[in-house]
Amino acid sequence: MRSGYAGNESPARAESSVGAISHQNTAETFTDGAESRPLQSVGDHSVGVSLADNTLRTSVNSVSAAVGDSGDEPTAEIVTSTPTHVPNEAEDVSRPTDDQIIAQENSIRAAEAEKRPFVGIVEPLSALEEEYRQGSAVFRDKIRSLEMQYGSMRRTRGDGNCFFRSFMFAFMEQLVQNNDIPERNRVVTCIRQWKAKLVAVGFQEMVFEDAMEIVIDQLNSLGTAESLSVAQLEHNFCEPMLSPMIIMLLRMLTSAEIQRRSDFFAPFIMGMCDDEVSVEQFCRRYVEPMGEESDHVHIVALTNALLVPIRVVYLDRSTGAAMAGVGYDSAAINHHDFVPDSLGESPTPVNPRVHVLYRPGHYDILYPLTVTAANSTQIASC
Amino acid sequence: MDQASLLLNKQLKELTKRPVDGFSAGLVDDSNLFEWQITIMGPPDTLYEGGFFNATLSFPQDYPQSPPTCRFTSEMWHPNVYPDGRVCISILHNPGDDPHGYERASERWSPVHTVETIMISIISMLSSPNDESPANIDAAKQWREDREGFKRRVARVVRKSQEML
């Protein structure tokens, strides 16, 4: 699955890289364009991605070809010219260099991503319906099903960190709203216990201690005179310094959880990557760097690292019937509950604390209509 | 103090208190935490053994979200070092930043890196050049096709670095 790695972008990123090539996008290709990674339930590899993917591949090839060519007549000109520009014999002078194309793609991507705040306002689900008014009927039907369970959503920026950001915001927001001191106490203790475990897998304490204190301080303000408010939380998650620090910490926890339990995670990782990578390499390449998208493995690891159950609801083109193995219902929505192993044994069903909406390549936050409604209504599960 | 300064300050203190084998590090100018002066000892049992190579590490304001750049100020001859001294290794590139058509799977920048881990990567680069995505095409070609010539050229930069001491 890693073969599509370069094309694996969040919708905004996928849209822009495709846009740079085709200059035309419909709302439909936009959302479908990003390649699916998490579960087999989302299997659409669209033209959009292969385009973006091929373009990247082409630029790789032309660089290596140019390197090969220049071998015959190495000129000072090549090495002393703009370091990253390698001329290609076949290259038209008017054609932008690979470097310029990449720079342009990156800037379009960044501009697209920045149009959306890190964490957006609460919107009714009808906003989602509006987005797909011209789109696929499958999506529209599914959104109507979704409205049976969920009342509202918050969009998050599609910069590759959207899962971590959606998760942590939704989790902390719930603690604030319910002033849930017992759960706050539990998670603060849990985060503190991670200190030793992070060091044990090789992180230098100085790289995570500030971020850890920032998160713990926010949580510890609950129940005090200066308690964190939802407005403050929104502010913190959009603040250019705090926001990345929170994501960074979650990425390190996720990485450490995967490495600590490498025997468990290794088979999943082997199945995801075309080339042979070790568990540690996987973490360094796909978990720790900012902007790397989250996969099934990341979610399993994070839910276990913090012992917070998560429900991921999938809005994709798959037809519910095929996945659920029940009567045909094209509008059935798949979801998957990520339950921490230690809670999975519990005789009573574990209620997800965080609900996120997955559209191929992107996660947003979902809010159940009411807790009881979400729990009592059966939706086709995968 | 912003996060970058805090983190850089911690590293400076730590490296002063507990130096790490293989390199020494300090600030170019004591008033600026973002510009570091590094001396790398050529790793033992490599062509660079015995050399003392000076380099600068320049951190961006949004470190550790973005990587620093590293540039040798001593003369260097290596496939992964540009003729202007800039070091080209994958961990000093952001994930989205791919000027070389780097192997996608190579390890990229992440906020876990510190001066120490970067220097360890650069020392490891000196020990094992990667000629698949060369920054210095002549050096890469010589490394591949004329190993003896490459060794002589490196021996020259090692000698030069010793004379500069």
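## Two crossing helices, and the sheets beyond

Let us start in chain A, where the axes of helix H12 (residues 242-260) and helix H15 (residues 296-306) come within 8 Å and cross at roughly 95 degrees. Helices here (H or I, at least four residues) and strands (E, at least two) are DSSP runs, numbered from the N terminus. Axes are lines fitted to C-alpha atoms, for helices over the stretch in contact, and angles run from 0 to 180 degrees between N-to-C directions. H12(A) and H15(A) are therefore roughly perpendicular to each other; angles under 35 degrees count as roughly parallel, over 145 as roughly antiparallel, 65 to 115 as roughly perpendicular and the rest as oblique.

Before going on, a word on what you are viewing. This is a predicted model, in which local features need pLDDT of at least 70 and side-chain atom pairs count only at pLDDT 80 or more, while totals for chains, interfaces and linings use all residues. Residues are numbered from 1 along each chain as its sequence is written, and chains are lettered from A and ligands numbered from 1 in the order in which they are written.

Back to our helix pair. H12(A) and H15(A) cross at roughly 95 degrees, and on the H12(A) side the contact is made by Leu250(A), Leu253(A), Thr254(A), Glu257(A) and Ile258(A). H15(A) contributes Val297(A), His298(A), Ala301(A), Leu302(A), Asn304(A) and Ala305(A). Two residues are in contact if their C-beta atoms, placed from the backbone, lie within 7 Å. By class, the contact of H12(A) with H15(A) has 7 nonpolar, 3 polar and 1 charged residues. For these classes, Ala, Val, Leu, Ile, Met, Phe, Trp, Tyr, Cys and Pro count as nonpolar, Asp, Glu, Lys and Arg as charged, and the others, Gly among them, as polar.

Now step back to chain A as a whole, which has 18 helices and 6 strands. Of its 382 residues, 44% count as buried. A residue is buried if 20 or more other C-beta atoms lie within 10 Å of its own, exposed if 12 or fewer, and partly exposed in between, with C-beta atoms placed from the backbone.

The strands of chain A bring us to an open sheet of 6 strands, in the order E1-E2-E6-E5-E3-E4 and with mixed pairing. Two strands pair if DSSP finds at least two bridges between them. Strand E1 (119-124) and strand E4 (334-338) of chain A are the edge strands, each pairing on one side only. On average, neighbouring strands of this sheet are turned by 30 degrees against each other, direction ignored. Strand E2 (residues 150-156) and strand E6 (residues 362-368) of chain A pair in the antiparallel sense over 4 bridges, and Met153(A) has Leu366(A) in E6(A) as its bridge partner. Helix H8(A) packs on the sheet, where it touches E1, E2, E3, strand E5 (354-359) and E6 of chain A, and its direction makes about 20 degrees with that of E6(A).

Look inside helix H8 (residues 162-178) of chain A and you will find Arg165(A). Arg165(A) is buried, with 25 other C-beta atoms within 10 Å. Not counting residues up to four places away in sequence, Arg165(A) touches Phe118(A), Val119(A), Thr156(A), Phe237(A) and Ile247(A). Follow the chain to the loop between H8 and helix H9 (181-200) of chain A, and you meet Asn179(A). Asn179(A) is not a glycine, yet it has a positive phi of about 45 degrees. Asn179(A) is exposed, with 10 other C-beta atoms within 10 Å.

Chain B has a sheet too: 4 strands form an open sheet in the order E1-E2-E3-E4, with antiparallel pairing. Strand E1 (23-27) and strand E4 (69-72) of chain B stand at the edges, each with a single partner strand, so one side of each is left without a neighbour in the sheet. Strand E3 (residues 52-58) of chain B is joined to E4(B) by 4 bridges, and Ser58(B) stands opposite Thr69(B) in E4(B). Side chains alternate along E4(B): Cys70(B) and Phe72(B) point to one face and are buried, while Thr69(B) and Arg71(B) point to the other and are not.

Our last stop is Cys88(B), in the loop between E4 and helix H2 (115-127) of chain B. UniProt places the feature "active site" at Cys88(B), in an unreviewed entry; UniProt positions are given in the numbering used here, feature names are shortened, and annotations may be inferred rather than shown by experiment. Cys88(B) is buried, with 24 other C-beta atoms within 10 Å.
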